[in-house]
Structure formats: C-alpha cells, structure tokens
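Colleague: Could you take me closely through one part of this model, the way the two protein chains sit together and against the DNA? I would like one connected account rather than a list.

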There are 2 protein chains.
Amino acid sequence: MELTNTRLDRDARRELILDVAQEVFLEEGFANASMSSIAARLGGSKGTLYNYFKSKDDLFNAYVERRCLWQDEIFAFPLPGETPDQSLRRIGRAYLTRVLTDFNLRNFRLIVAEAERSPEIGRIFYDAGPRMGAERVGELLRGMAAAGHLELEDPLEAAHQFLGLVQNRYFKARLCNAIPELTEKQIEDEAAFAARTFLRAYGRR
Amino acid sequence: MELTNTRLDRDARRELILDVAQEVFLEEGFANASMSSIAARLGGSKGTLYNYFKSKDDLFNAYVERRCLWQDEIFAFPLPGETPDQSLRRIGRAYLTRVLTDFNLRNFRLIVAEAERSPEIGRIFYDAGPRMGAERVGELLRGMAAAGHLELEDPLEAAHQFLGLVQNRYFKARLCNAIPELTEKQIEDEAAFAARTFLRAYGRR
DNA sequence: GTCTATAAAGCGATAGAC
DNA sequence: GTCTATCGCTTTATAGAC
C-alpha cells in the first residue's frame, strides 16, 4: 500500500514537472529554458528536478515523447450522408484549426530548432505528426475514390497536395509571427477554397 | 586615400565577421552561438568583435538584414514559346530547389526559433521571403490568365495554392530532418505533379 | 526525497595596454 | 583598432544537511 502510494505520488510529480517544463520550453525555447527557472516555477528545487531527470536533455526528451508521440483522431472518416465537398471542408477546417493552434505553432518552432542538432527528435515529431496526418487523409481519399467520388492514382500524394492547399497560405505566416491569429471565417473560407480546387482536379466529372 | 582604404578594409572585415557569424548562427542557433566562438573561428578577439557590433543582438540583426532582405529573380516570367504546363513546372522546380537548399532550411529554423521572442525578425523574413515569392507567382498567374490560359478569380490565393501543392510533401519533412536530401528527379516529379493538379483545377477546358 | 549551498564552467560585455 | 585579461553574472550539475 505504502509502495503503491509512493509510486502514484512519484508519477504524479513527474507529470507535474513535465507540465511546468513544457510551459518553459514553449515560452523560452530549449537553449534559453533553464533548469533553475523550471525548478523555481515548480516551487521546488533543482535537487528535486535532478532526482527525476538526470539532465536537461533527459527532461527535454521526456517532453518530446509525451507531446509528440500521439496523434488523436481529428481525421475522422467521412460521416454518413456527407458529400465529398462537405467531407473535405470538414477535414480541412479541423486540420487548419489544429495546425494553427498556439501550442502547435510553439511546439513546431521548438522541435524544428532542435532538429538541427538532434535529427532524431525531428524525425520522431514528423513521423507521429505530419506524416501520420497525411497518411490518415490518404486513407480517407482512397475510400472516397473507392466509393466513386474521386479519380486519383496515388492517394498519399493527393493527401499531401490537399493539405498543402489547405495550409500553405497561413501556416508559414503564423509560424513567423507575421500575421495575427485567424478568424473562424478565414479558416472556413480557406478550407472551402482548398476543397473546391481539389475537387476540380480530382472530382469525378 | 588613407581614409578610403581604411573604409574599405573596415567594410571588408565587417563582411568577414558576418560570414563567420552566419556559419555559427546556422550551426548552433542564436542562443547557443557564443560571441567567444565567433571570435575564435574568426581568428580575432572579442574586443574586435565588439568594436564592429555593439552587442550579440546587434550582430544578429545585421545577419538578418543581410540574409533576408533580398530576394532575387527565381520567379522569372513565362519564357516565349512555353506552354502553361512548362511554365508551371519550371517555376515549381526552381522554387522547390531553392526552398530545400541547406542554407534555406537552416535559416528558416533559425529565424522561426527567434520569431517567438522577436516577432519583428519573423515578419521581416516572411515579408521578404515567402510573401514576396507568393506575390511574384501571383503576378505570373495573372499574366497567364490574361493570356487566356487559366481561369481564376484570385491570382494571389491561387499562387499560395500552387506553392502549397509544390512544397507540402517535402518542406516540413526536410525541415524536421526526417528524410534525406531529394534527388533532381524527385523534385522534377513533384513539380510536374503540382502543375498537373493545378492545371486540372484552373486550366481552360 | 527534498532542501540549501556551492562547485565548475561558460556567458556577454568591458577595461586598459599597445 | 586590436589584443589580453577579467568582471559580474548565469548556467548545469552536485554534495551534504535534514
């Protein structure tokens, strides 16, 4: 009993540390985030921090594993009764909304900056994020083609193209902090525009 | 005479310092690059460095101005006798080649990492780079539409779409260091694929 | 396990000799 | 203008009291 309680407390504390570390990493970047400031914001001490993570790199790797090694189901399959245009607009809107999230933008900046020195981190993120997203959309498109709504040879390539249509105008711009946050309407319009272009190219005539 | 020589020498040395600083910034990132290592690689001393740039931020701003405040003519207008497909493939290939350059990828990582704390730097880069590129392509498309080769309402939006088709599959992946360098053929194929999709959507039937 | 205190190293920036 | 030497500060990481 004692043992179980201690285990739970330890795990809970570890999670708490990771929550705080995440905040600091996203705000300051890896190089600028200091173990001291993480400990301070945690309310604890550096000694405790080093008790849970043996180095700053170790802490960062734990962050990457927790934040990049999952991808939930925003790419739901076509809903019953949806037209192809409706499906694509729904997926496009969901994708763009997610990709322009404050967390996603900051995380992307953080990961990409570190990808130079530790390529493994970039690869972990890419495989679990963008690559998996494109594959999900590829499956969706394959299904739509099988149902006779689209004419395409390479669903994965088409998925990359669709996601490119959806995000190209705003993703880089937001990443660079060059434009303000998008409105719901802008996102909806962009997704609709992408769906229209995609269907003109791939829709059954 | 004396004065002119000194001017030239000083400017030349300044350029040399910026060359070295660029190397270190691109390799280490801004936070990890130290004035000491820049001075060491330069073969000079920190005293000299601070004689030319009053702070590390000052040096970085000079780098940004030099590397981001120009954009040469890779988006040439359609060559005489080119078909729309040939124009688009040529532009797409040139754009993709340029965007996947080692320098461009490293510079993008560097700038984007700093865009969090100094949005001005991100904006400068975006306006002189991606935004200007999209506008150039927009003009190209407007010309092609005026010549009766395309049917489109919003050339700038279409330009963003075309560039999205061209780069979405590989830019993020290369940025994350998740895939190896592309071959000439891959670049050519991707540009051809983008041109085909774009023309299916916007080409005159 | 958690704290305080501190070690060892590196940083940006400066002073002063030449 | 360029160098050496160093200041003052912050960093990661550790040692030892409790």
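Modeller: I would begin with the relation between the copies, bearing in mind throughout that this is a predicted model. Chain B is superposed on chain A by a rotation of 180° with 0.0 Å of shift along its axis, and the RMSD is 0.1 Å. That is the relation of a two-fold axis.

The contact between the chains fits with this. In it, 35 residues of chain B are in contact with 35 residues of chain A. On the side of chain B that touches chain A, at least two residues each are supplied by α6 (102-115), α7 (119-146), α8 (155-167), α9 (171-175) and α10 (184-202) of chain B. By character, the residues of that side of chain B divide into 16 nonpolar, 10 polar and nine charged. Since 100% of the interface residues of chain B are also interface residues in chain A, the copies meet through the same surface.

One of the helices named there, α6(B), can be looked at in more detail. α6(B) has 14 residues and reaches 20 Å from its first C-alpha to its last, which is close to the 20 Å expected at 1.5 Å a residue. The helix is mostly covered, with 10 of its 14 residues buried. Among the buried residues of α6(B) are Leu105(B), Phe108(B), Leu110(B), Ile111(B) and Val112(B), but also Asn107(B), Arg109(B) and Glu114(B).

The loop between α9 and α10 of chain B holds Asn177(B), whose phi is positive, about 60°, although the residue is not a glycine. Asn177(B) counts as buried because 22 C-beta neighbours lie inside 10 Å, where the cut-off for a buried residue is 20 or more. In chain A, Asn177(A) lies in the loop between α9 (171-175) and α10 (184-202), and its phi is near 60°, again a positive value in a residue other than glycine. Asn177(A) is buried, with 22 other C-beta atoms within 10 Å.

Helix α10 of chain A also contains Glu184(A), and this residue is exposed, with 9 other C-beta atoms within 10 Å. Glu184(A) and Thr97(A) are 87 residues apart in sequence, yet their C-alpha atoms are 8.6 Å apart in space.

Turning to the DNA, we can take the strands one after the other. Strand C is surrounded by 18 residues, of which the closest are Gly44(A), Ser45(A), Gly47(A), Thr48(A) and Ser34(B), so named from both chains. The elements that give two or more residues to the surface near DNA strand C are α1 (2-28) and α3 (46-52) of chain A together with α2 (35-42) and α3 (46-52) of chain B. Of these, α3(A) gives the most, with four residues. The residues of this surface divide into two nonpolar, 11 polar and five charged.

For strand D, 17 residues surround the DNA, and the closest are Ser34(A), Gly44(B), Ser45(B), Gly47(B) and Thr48(B). Here α2 (35-42) and α3 of chain A, together with α1 (2-28) and α3 of chain B, each supply at least two residues. The largest share of the surface near DNA strand D, four residues, comes from α3(B). The residues near DNA strand D divide into two nonpolar, 10 polar and five charged.

Another helix of chain A, α4(A), shows how burial can be divided between two sides. Its 13 residues, 56-68, should span 18 Å at 1.5 Å a residue, and the end C-alpha atoms are 18 Å apart, which agrees. The buried residues of α4(A) are Leu59(A), Tyr63(A) and Val64(A). These cover an arc of only 140° around the axis, which puts them on the same side of α4(A). An α-helix has 3.6 residues a turn, so residues three or four places apart point the same way. On the other side of α4(A), Asp57(A) and Asp58(A) are exposed.

Finally, chain A as a whole gives the setting for these parts. Its secondary structure comes to 10 helices and zero strands. The C-alpha atoms of chain A fill a box of roughly 65 × 45 × 30 Å, taken along the principal axes, and 38% of its 205 residues count as buried. Among the contacts in chain A with a separation of 6 or more, 68% are accounted for by residues 24 or more positions apart.

Definitions and conventions
Residues numbered from 1 in each chain as written. Chains lettered and ligands numbered in written order. Predicted model: local features only at pLDDT ≥ 70, side-chain atom pairs only at ≥ 80, totals over all residues. Near = placed C-beta within 6 Å. Nonpolar A, V, L, I, M, F, W, Y, C, P; charged D, E, K, R; others polar. Contact = placed C-beta atoms within 7 Å. Expected span 1.5 Å × (residues − 1). Buried ≥ 20, exposed ≤ 12 C-beta atoms within 10 Å, placed from the backbone. Arc of directions from axis to C-beta. Least-squares fit on C-alpha atoms with pLDDT ≥ 70 in both.
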